[in-house]
Amino acid sequence: MTLKASVIVNTHNRPGYLEGCLRRLVRQSVAHCDYEIVVVDNSSAQFREANRRAVDADDSLPCPDYVATAVSALSSADVVLVKGRLVAKYEGGDPDPDLIESLKKPVQGGYLIPDFTVIDLGSERVEISPEIAYASNCAFKKDFYLGAGGFGPDGFPAPFLHWNGSGEYHYARAAPKLGHVIWYEPGMSADHIIPAARLKSAFYFARSFYYGIGGSFDLIAQGNQPFSPASIRAILRRARTAAGHVRKARFFEARREIERIRGFVSHQLVCLRRREMREYCRRKEWLSFDFSAVRPVGRSPARSQW
């Protein structure tokens with residue numbers, strides 16, 4: 001019998017959240033024989049036994065139409081990637097509403113919170129661009145994913161920050177180039193738990209440093225050399241933005257821009273010194289890359305952007 005879907009759950013050091021996620025996935029409106037749940041455990045050793053128990057004890061609290069909605073949305077021949085709604089659930093209680101409003105970015109009649117990968121574009125199915133097709137709560141056709149070269153490098157913590165790069169955008173950007181479309185599907189909704197640590201300034205500054213690395217990666221991937229004219233323009237643009245924030249006494253936003261510049265420049269320096277890093281950024285396919293072989297490179301700050 002052919003499976004209709006594989007639901008892949010990545011987990012890192014959070015067995016309690018894993019259990020809650022599995023409870024919602026185990027009972028769906030499609031038959032059990034039509035889908036599988038694959039848990040990818042990237043946890044530290046002390047959490048693995050708890051994760052195993054969570055998998056073994058898996059039973060109740062269904063979100064009944066999640067898999068069925070994803071399968072239905074992908075049934076259209078030209079649709080290869082579907083992005084579901086992600087609703088923020090704050091672990092530490094209700095955050096400062098002014099902070100949340102400042103983090104929101106209006107888009108297509110709804111909003112994003114990129115720092116949390118939260119997205120809500122309303123209650124209608126709409127076509128979206130690859131830039132907002134975050135990997136969290138996505139469904140895609142296997143053949144398309146494999147043909148597009150898989151998931152780009154992303155998710156590296158310190159001291160491996162400089163290996164971060166294209167992530168889901170590697171395959172998402174391939175969709176329109178191949179004549180396919182990406183949908184936002186409100187019926188494929190999921191809660192996204194935001195840990196209390198993500199409401200502290202240190203998280204946002206670390207996240208901005210990570211964004212800077214990603215911006216540098218993109219320019220190198222496009223064939224630019226480190227500190228090319230395109231890179232210098234990007235640095236100057238960020239510097240002008242930071243100065244504008246300072247003039248308006250928006251010091252938090254100014255610091256975030258400065259951290260983006262720091263991340264960008266540090267990645268450019270690594271690529272300037274190491275040819276293999278430039279070649280790494282310019283890869284077109286990631287399924288065959290041995291990520292277990294990467295080693296710390298550059299001067300990564302000992303902090304997490306996750």
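1. A quick definition to start with: a residue counts as buried under 20% relative accessible area, as exposed over 50%, and as partly exposed in between. By that rule F291, with a relative accessibility of 28%, is partly exposed. Please keep in mind that this is a predicted model.

2. F291 has a partner worth a look. It forms a stacked aromatic pair with W286, with the ring centres 6.0 Å apart and 25° between the planes. W286 itself is buried, since its relative accessible area is 3%. W286 also has a charged neighbour: the charged end of R283 sits over its ring, 5.4 Å from the centre.

3. Now to the aromatic residues as a group. The count comes to 18 aromatic pairs. One of them joins F217 and Y280 in an edge-to-face arrangement, 6.3 Å centre to centre and with 85° between the planes. This pair links distant parts of the chain, with F217 in helix α8 and Y280 in helix α11 (residues 275-281), 63 residues apart. Buried or exposed, how do F217 and Y280 count? F217 is buried at 2% relative accessible area, and Y280 is buried too, at 4%.

4. The residues of points 2 and 3 come together here: F217, Y280, W286 and F291 belong to one aromatic cluster, which also includes F156, W163 and F289.

5. Next, have a look at two helices. The axes of α8 (residues 201-221) and α10 (residues 251-273) come within 7 Å and cross at roughly 40°, so the two helices are oblique to each other. The crossing is right-handed. Sorted by class, their contact has 11 nonpolar, 9 polar and 6 charged residues. You may also like to find R255, which lies over the face of F205, at 4.2 Å from the ring centre.

6. A few backbone details deserve a visit. The peptide bond joining A158 and P159 is cis, with omega about 5°. P159 lies in the loop between α5 (142-147) and α6 (169-172).

7. Which residues other than glycine have a positive phi? Q108 is one of them, with phi near 50°, and N137 is another, at about 60°. Q108 is placed in the loop between β4 (105-107) and β5 (110-113), while N137 is in the loop between β7 (126-128) and β8 (138-140). As for their surroundings, Q108 is partly exposed because its relative accessible area is 40%, whereas N137 is buried at 12%.

How values were computed. Residues are numbered from 1 along each chain as its sequence is written. This is a predicted model: local features need pLDDT of at least 70, side-chain atom pairs count only at pLDDT 80 or more; totals for chains, interfaces and linings use all residues. Side-chain values use heavy atoms; hydrogens and water are left out. Axes are lines fitted to C-alpha atoms, for helices over the stretch in contact, and angles run from 0 to 180 degrees between N-to-C directions. Helices (H or I, at least four residues) and strands (E, at least two) are DSSP runs, numbered from the N terminus. Angles under 35 degrees count as roughly parallel, over 145 as roughly antiparallel, 65 to 115 as roughly perpendicular and the rest as oblique. A crossing is left-handed if the near helix is turned anticlockwise from the far one by less than a right angle, and right-handed if clockwise. Ala, Val, Leu, Ile, Met, Phe, Trp, Tyr, Cys and Pro count as nonpolar, Asp, Glu, Lys and Arg as charged, and the others, Gly among them, as polar. Rings of Phe, Tyr and Trp (its six-membered ring) pair if their centres lie within 6.5 Å; planes under 30 degrees apart count as stacked, over 60 as edge-to-face and the rest as tilted. Buried means under 20% relative accessible area, exposed over 50%, partly exposed in between (1.4 Å probe, protein chains only). A charge sits over a ring if NZ of Lys or CZ of Arg is within 6 Å of the ring centre and within 35 degrees of the ring normal.
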